[in-house]
Amino acid sequence: RNGISRPKGYTVSWHANPEVEKHHFGMAHPMKPWRLTLTKEIVMAYGMHTAMDTHLSRAATVEELVEFHKEDYIDFLSSVTPQNLATNYPWLKPGAVGYSGPFFGVGEDCPIFDGLFEYCSLYAGASIDAARKLTSHQSDIAINWSGGLHHAKKAEASGFCYINDIVLAILQLLRHHPRVLYIDIDVHHGDGVEQAFWSTDRVLTLSFHKYDKETFFPGTGPLDDTGPTHPDNPGAHHSLNVPLNDGIDDVSYQWLFESVVGPCIDTYRPTAIVLQCGADSLGHDRLGCFNLNIQGHGSCVSYVKSFKIPLLVVGGGGYTPRNVARAWAHETSICIGADKDLDPTLPLHTPFRHHFAEEGPTLFPPLHATRFENKNPRTYLESIVTAIREQLRYMHG
Ligand code: ZLS
Ligand code: CA
Ligand code: ZN
């Protein structure tokens, strides 16, 4: 393959460390770091790597991690192993009762596995590196598909996320940028990022997600949660949430995304944007309940890119690995402006071809098949857009 030429007039950087891909959460666990191997395989088979600056990312240092996280939590993550868990941390043993010490969120969703700290510090290092490429103007779009772990809290793992690489990357951006817009299209609510910047007006967070307080993780992110209610808190009105029901399709999602994101950018005038591209909002996802196709998901990236504002693109959820890989490879092609040039027939060879056998060797299999009926009528979507526009009117500056 000849590869694809570099984009004209702007630079895209790719930040990854293949060591991340080798980690395992456990057999039954839906989070599969090897989906990153599949993604890279498609990207390289198309020759897209020749159009980007590719950086082998380094592990984040403890000093970098404690810029957001609590030191005793980082100490714990860096020293706990599956072997010493029961001896050193008896209160974390299943069934232990009565202990009120640190819990750190460990459990079935966030297991302690071999190499956990290496995994965490590598995906975080990649997001920090990517953010620094943007602030140093060496890159206009920086990509880290291993990041996007939006549920992690200051001192608690949550929802498959241990270190919040997004928060760490935004903290880097804030050293040089007055206003950062965070957009999250993972099917889950971006609660960790929202919470971290709840009290500042220098970050506007916007998450699109399935919302059901009782039955869908993490149960937060209703439409009217827009920041601290106390009006002299600068963070007031700087968290926006778009709660959705099952089955939303490409047409509805695209219309809603552009109707919400457009006014957010026009009103807030961010100088940098972070886009979390969780691929569990695709149809046929093992955990998700939306009906998006690869094209519909990708159109969010195209739209955000069209504003030509320094952009950090990160991954997130995505639990049907072959479709995660298709989506992120397609979105890489959008970032480098090569999406129109790709042959939709996957140029894959053995041993990778068989992973894509289910839908056939195409980049764009139909994923909208109605596993979930669309429970988002037009009137509901219009009421969301109206509410968001109303909320933006409170935002000044
Ligand atoms: O946004 O729904 C929950 C919490 C529970 C149900 C599951 N059990 C194990 C714990 C208690 C209420 N957790 C969600 C977390 C979803 C995180 C999404 C992350 C992101 O995409 C960003 C990366 C959840 N949904 C599904 C599971 N957990 C889940 C499914 C299957 C398994 C296997 C491994 C572990 C236990 C059996 C597990 C979790
Ligand atoms: Ca989301
Ligand atoms: Zn998710």
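**Exercise 1. Burial of V62**

Classify V62 in this predicted model as buried, exposed or partly exposed from its C-beta neighbours within 10 Å.

Solution. Start with the count: 15 other C-beta atoms lie within 10 Å of V62. A buried residue needs 20 or more, and an exposed one has 12 or fewer. The count for V62 falls in between, so V62 is partly exposed. Next, place the residue: V62 belongs to helix α2, which covers residues 62–65. Finally, relate V62 to I74: the two are 12 residues apart in sequence, and their C-alpha atoms are 7.4 Å apart in space.

**Exercise 2. Two further burial assignments**

Assign L346 and V314 to a burial class, and give the element or loop in which each is found.

Solution. Take L346 first. L346 has 25 C-beta neighbours inside 10 Å and therefore counts as buried. Its place is the loop between α10 and α11 (378–392). From L346 to S207 the C-alpha distance is 31 Å, with a sequence separation of 139 residues.

Now take V314. The count here is 29 C-beta neighbours inside 10 Å, so V314 is buried. V314 is part of strand β8, residues 311–314. V314 and P377 are separated by 63 residues in sequence and by 30 Å in space, C-alpha to C-alpha.

**Exercise 3. Length and cover of α5 and α10**

Compare the end-to-end C-alpha distance of helix α5 (residues 116–135) with the span expected at 1.5 Å a residue, then do the same for α10. State how many residues of each helix are buried.

Solution. The expected span is 1.5 Å times one less than the number of residues. For the 20 residues of α5 this gives 28 Å. The end C-alpha atoms of α5 are 29 Å apart, which agrees. As for cover, 17 of the 20 residues of α5 are buried, so by the 20-neighbour cut-off the helix is mostly covered.

α10 has 15 residues, for which 21 Å is expected, and its first and last C-alpha atoms are 21 Å apart. In α10, 15 of the 15 residues are buried, so this helix is largely enclosed by the rest of the structure. Just after α10 comes G337, with a positive phi of about 70 degrees.

**Exercise 4. Helix packing**

Describe the packing of α5 with α6, of α9 with α10 and of α1 with α10, and decide whether each pair is roughly parallel or oblique.

Solution. Two packed helices are described by the angle between their axes and the distance between the axes. Angles under 35 degrees count as roughly parallel.

- α5 and helix α6 (residues 165–174) have axes 8 Å apart, at an angle of about 25 degrees. The two are therefore roughly parallel to each other. Their crossing is right-handed.
- Helix α9 (residues 294–305) packs on helix α10 (residues 321–335) at about 30 degrees, with 9 Å between the axes. That makes α9 roughly parallel to α10. The crossing of α9 and α10 is right-handed.
- Helix α1 (residues 35–45) and α10 cross at roughly 45 degrees, and their axes come within 8 Å. That makes α1 oblique to α10. The crossing of α1 and α10 is right-handed.

**Exercise 5. Backbone exceptions**

Locate H137, F160 and P218, and describe the backbone feature of each.

Solution. Begin with the general expectation: most residues other than glycine have a negative phi, and most peptide bonds are trans.

H137 is not a glycine, yet its phi is positive, about 60 degrees. H137 comes just after α5, in the loop between α5 and β3 (141–144). It has 10 C-beta neighbours inside 10 Å, so H137 counts as exposed.

F160, also a residue other than glycine, has a positive phi near 70 degrees. F160 lies in the loop between β3 and α6. With 21 other C-beta atoms within 10 Å, F160 is buried.

P218 is joined to F217 by a cis peptide bond, with omega about -10 degrees. P218 is in the loop between β5 (203–210) and β6 (239–244).

**Exercise 6. The shell around ligand 1**

How many residues surround ligand 1, and which are the closest?

Solution. The shell has 19 residues, and the closest are E108, G159, H188, F217 and G317. By character, the shell divides into seven nonpolar, eight polar and four charged residues. One link to the previous exercise remains: F217, among the closest to ligand 1, is the partner of P218 in the cis peptide bond.

Terms used. Residues are numbered from 1 along each chain as its sequence is written. Chains are lettered from A and ligands numbered from 1 in the order in which they are written. This is a predicted model: local features need pLDDT of at least 70, side-chain atom pairs count only at pLDDT 80 or more; totals for chains, interfaces and linings use all residues. Helices (H or I, at least four residues) and strands (E, at least two) are DSSP runs, numbered from the N terminus. A residue is near a molecule or strand if its C-beta atom, placed from the backbone, lies within 6 Å of it. Ala, Val, Leu, Ile, Met, Phe, Trp, Tyr, Cys and Pro count as nonpolar, Asp, Glu, Lys and Arg as charged, and the others, Gly among them, as polar. Axes are lines fitted to C-alpha atoms, for helices over the stretch in contact, and angles run from 0 to 180 degrees between N-to-C directions. Angles under 35 degrees count as roughly parallel, over 145 as roughly antiparallel, 65 to 115 as roughly perpendicular and the rest as oblique. A crossing is left-handed if the near helix is turned anticlockwise from the far one by less than a right angle, and right-handed if clockwise.
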